[in-house]
Amino acid sequence: MDWQGQKLAEQLMQILLLSFAVVAFTTGYFMASFQMMILTYFGGVVLTTLVTVPNWPFYNRHPLQWLDPSEVEKHPKPPPSANSTSKKKAVKK
C-alpha cells in the first residue's frame, strides 16, 4: 500500500465508521432497541474492516519509485554541512 493509499484507507475508515454510527443510532432509536443498534454498528465495523484492511488494488495507484543499487552508487549522499552539525547558541551574560 502506498502513501496515498494509506491516506485513502484512513479517510474511508473514518467516514464509514461515522456513517454507520449515525445509521445504527437512528435504527436503534426508532426501533427502541439497543440490541439492534449494537448489531447494526457491529455490521458496519465488519464491513469497514473488509474495505480498509486488505491491500486492495485501488490502494496501490501511486507506487514509490525506488533507485536501483547501481544508481545509488552513481549519486552518493551529500556530506552534512558544517553549519548544521556545530550550531551553538550564544550564551548571554
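# A four-helix chain, element by element

The chain holds four helices and zero strands, and from the N terminus on its elements therefore read simply as α-α-α-α, since helices and strands are the runs that are numbered here. This is a predicted model, and confidence should be kept in view while reading it: the chain averages a pLDDT of 85, with 87% of the residues scoring at least 70. That confidence is highest in α2, at a mean of 96, and lowest in helix α4, residues 82-85, where the mean is 59.

Some totals for the chain set the scene for the individual residues. Of the 93 residues in the chain, 12% are buried, and the chain exposes about 8400 Å², of which carbon and sulfur atoms supply 67%. Among contacts between residues at least 6 apart in sequence, 69% join residues that are at least 24 apart.

Two residues, one in α1 and one in α2, illustrate contacts of this kind. L17 is found in helix α1, and its C-alpha lies 8.2 Å from that of Y41, although L17 and Y41 are 24 residues apart in sequence. Leaving aside neighbours within four places in sequence, L17 is in contact with Y41, V45 and T48. At 24% relative accessibility, L17 counts as partly exposed, because that value falls between the 20% under which a residue is buried and the 50% over which a residue is exposed.

V51, for its part, lies in helix α2 and is separated from M13 by 38 residues in sequence, yet the two are 8.1 Å apart in space, C-alpha to C-alpha. Not counting residues up to four places away in sequence, V51 touches L12, L16, W56 and Y59. V51 has a relative accessibility of 26%, so it too counts as partly exposed.

Between these two helices comes a loop, and A32 is found there, between α1 (3-31) and α2. The phi of A32 is near 55 degrees, a positive value in a residue other than glycine. The backbone angle deserves a second look because most residues other than glycine have a negative phi. A32 is also open to the surroundings: its relative accessibility is 72%, so A32 counts as exposed.

The aromatic side chains give another route through the model, which holds three aromatic pairs. One of them is formed by Y29 and F30, whose rings meet edge-to-face, with 5.5 Å from centre to centre and 80 degrees between the planes. Both Y29 and F30 are exposed, and together with F25 these two residues form one aromatic cluster. Another pair joins F58 and Y59, with ring centres 4.4 Å apart and planes at 50 degrees; this pair is tilted, because 50 degrees falls between the limits of 30 degrees for stacked and 60 degrees for edge-to-face.

The two partners of that tilted pair differ in their cover. F58 is partly exposed, with a relative accessible area of 33%, whereas Y59 is buried, with a relative accessible area of 0%. Y59 has already appeared among the residues that V51 touches, and so the buried ring of the pair belongs to a residue in contact with helix α2, where V51 lies.

The last stop is on the surface, where W3, L64 and W66 form a nonpolar patch with about 460 Å² of accessible area together. W66 has its place in the loop between α2 (34-52) and α3 (69-74). With a relative accessibility of 73%, W66 is over the 50% limit and therefore counts as exposed. W3, another member of the patch, carries the number at which α1 (3-31) begins, so that the patch brings together a residue of α1 and a residue of the loop that precedes α3.

Technical notes:
Residues numbered from 1 in each chain as written. Heavy atoms only, no water. Patch = residues over 30% accessible without salt bridge, like charges linked within 9 Å, V, L, I, M, F, W, Y side chains within 5 Å. Areas by Shrake-Rupley, 256 points an atom, 1.4 Å probe, with all protein chains shown as cover. Salt bridge = Lys/Arg side-chain N within 4 Å of Asp/Glu carboxyl O. Buried < 20%, exposed > 50% of the residue type's maximum accessible area, 1.4 Å probe, protein only. pLDDT = per-residue confidence, 0-100. Contact = heavy atoms within 4.5 Å. Phe/Tyr/Trp six-rings, centres within 6.5 Å; stacked < 30°, edge-to-face > 60°.
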